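Here is a short report on a single chain, written for someone who likes to know the cut-offs behind the words. Please have the viewer open as you read.

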Amino acid sequence: MHPAQILYEDNHLLVVDKPADWVVQGAQLGQRSLLEAAKEYLKVKYHKPGKVFLGVVSRLDAPVTGVVPFARTSKAAARLSEQFRDRTSRKLYWGIVEGVVEPQIQTLKHQLVRDL
C-alpha cells in the first residue's frame, strides 16, 4: 500500500495515514485512491479471492495529509458513521504555516475553502 502507512488494524477497522495528493475515493483515470489501495492491501494480506468491503466514514481533501479511518464491516461503518453524524467523535486539525506568525488567539469564524 506504499506510500500510505497502516496505523491500526483489527477485524472492524483499518486506519491509514493518508499522504498528500491522494484522494480518499473517487480517483480520476490514472490516479490511485486511498480506498482502492487499502482494499488491495487487505486483498493481498488476507488472500481474499473476491471483492473487499471497506466503508468510507470520513474523508480528507486530496492536498491534505492525515489519518483516515475505514470500516471493515457494515456494522462498523454504521456505528462510525453515527459517531461522525452525532459529533461524538473528536476531530483535530493542525495547520502548518510559512513565515512569521504573530501570536494571537482568535476563533476561526468561516469555513476553510480550497484556493482555486
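In which segment does Arg87 lie? Arg87 belongs to the segment after helix 2, where helices (H or I, at least four residues) and strands (E, at least two) are DSSP runs, numbered from the N terminus. Its phi is near 60°, a positive value in a residue other than glycine. Arg87 is exposed, with 74% relative accessibility; here buried means under 20% relative accessible area, exposed over 50%, and partly exposed in between, with a 1.4 Å probe and protein chains only.

A word on the ground rules. This is a predicted model, in which local features need pLDDT of at least 70 and side-chain atom pairs count only at pLDDT 80 or more, while totals for chains, interfaces and linings use all residues. Residues are numbered from 1 along each chain as its sequence is written, and side-chain values use heavy atoms, with hydrogens and water left out.

**The overall layout**

The chain has two helices and four strands, and from the N terminus on they follow the order β-β-α-β-β-α. It has 116 residues, of which 26% count as buried. The accessible surface comes to about 9500 Å², and carbon and sulfur atoms hold 52% of that; areas come from the Shrake-Rupley method with a 1.4 Å probe, and for residues only the protein chains shown count as cover. Contact means heavy atoms within 4.5 Å. Among contacts between residues at least 6 apart in sequence, 51% join residues at least 24 apart.

**How the strands pair**

Two strands pair if DSSP finds at least two bridges between them. The table lists the pairings, with one facing pair of residues for each.

| Strands | Bridges and sense | A facing pair |
|---|---|---|
| Strand 1 and strand 2 | four bridges, antiparallel | Glu9 and Leu14 |
| Strand 2 and strand 4 | six bridges, antiparallel | Val16 and Val68 |
| Strand 3 and strand 4 | two bridges, antiparallel | Val56 and Phe70 |

Strand 1 passes to strand 2 by a hairpin of three residues. Strand 4 (residues 66-71) pairs with strand 2 (residues 13-18) and also with strand 3 (residues 55-56). How many of the six residues of strand 4 are buried? Five of them are, which leaves the strand mostly covered.

**A network around Glu9**

Side chains of opposite charge can pair when their charged atoms come close. The structure holds two salt bridges, each being a side-chain nitrogen of Lys or Arg within 4 Å of a carboxyl oxygen of Asp or Glu. One of them joins Lys45 to Glu9, with the closest N and O atoms 3.2 Å apart. Lys45 sits in helix 1 (residues 34-45) and Glu9 in strand 1 (residues 5-9), so this pair ties together parts that are 36 residues apart in sequence. Arg72 and Glu9 also form a salt bridge, at 3.7 Å from N to O. Because Arg72 lies in the loop between strand 4 and helix 2 (74-86) and Glu9 in strand 1, this pair ties together parts that are 63 residues apart in sequence. Glu9, Lys45 and Arg72 are thus linked in a network of salt bridges. Lys45 is partly exposed, with a relative accessible area of 42%, whereas Arg72 counts as buried at 16%.

**A nonpolar patch**

Leu7, Tyr8 and Val67 make a nonpolar surface patch of about 280 Å². Patches are made of residues with over 30% relative accessible area and no salt bridge: like charges are joined within 9 Å, and nonpolar side chains (Val, Leu, Ile, Met, Phe, Trp, Tyr) within 5 Å. Leu7 lies in strand 1 and is partly exposed, at 44% relative accessibility.

**Two loop residues**

Is Ser33, in the loop between strand 2 and helix 1, buried or exposed? Ser33 is buried, at 4% relative accessibility. Its side chain reaches the backbone nitrogen of Glu36 at 3.0 Å. Leaving aside neighbours within four places in sequence, Ser33 is in contact with Trp22, Val23, Val24, Gln25 and Ala27.

His47 is placed in the loop between helix 1 and strand 3. Its phi is near 50°, again a positive value in a residue other than glycine. His47 is exposed, with a relative accessible area of 69%.

Terms used. A polar contact is a pair of N or O atoms within 3.5 Å; within protein, one must be able to donate a hydrogen and the other to accept it, and residues adjacent in sequence count only if both atoms are side-chain atoms.
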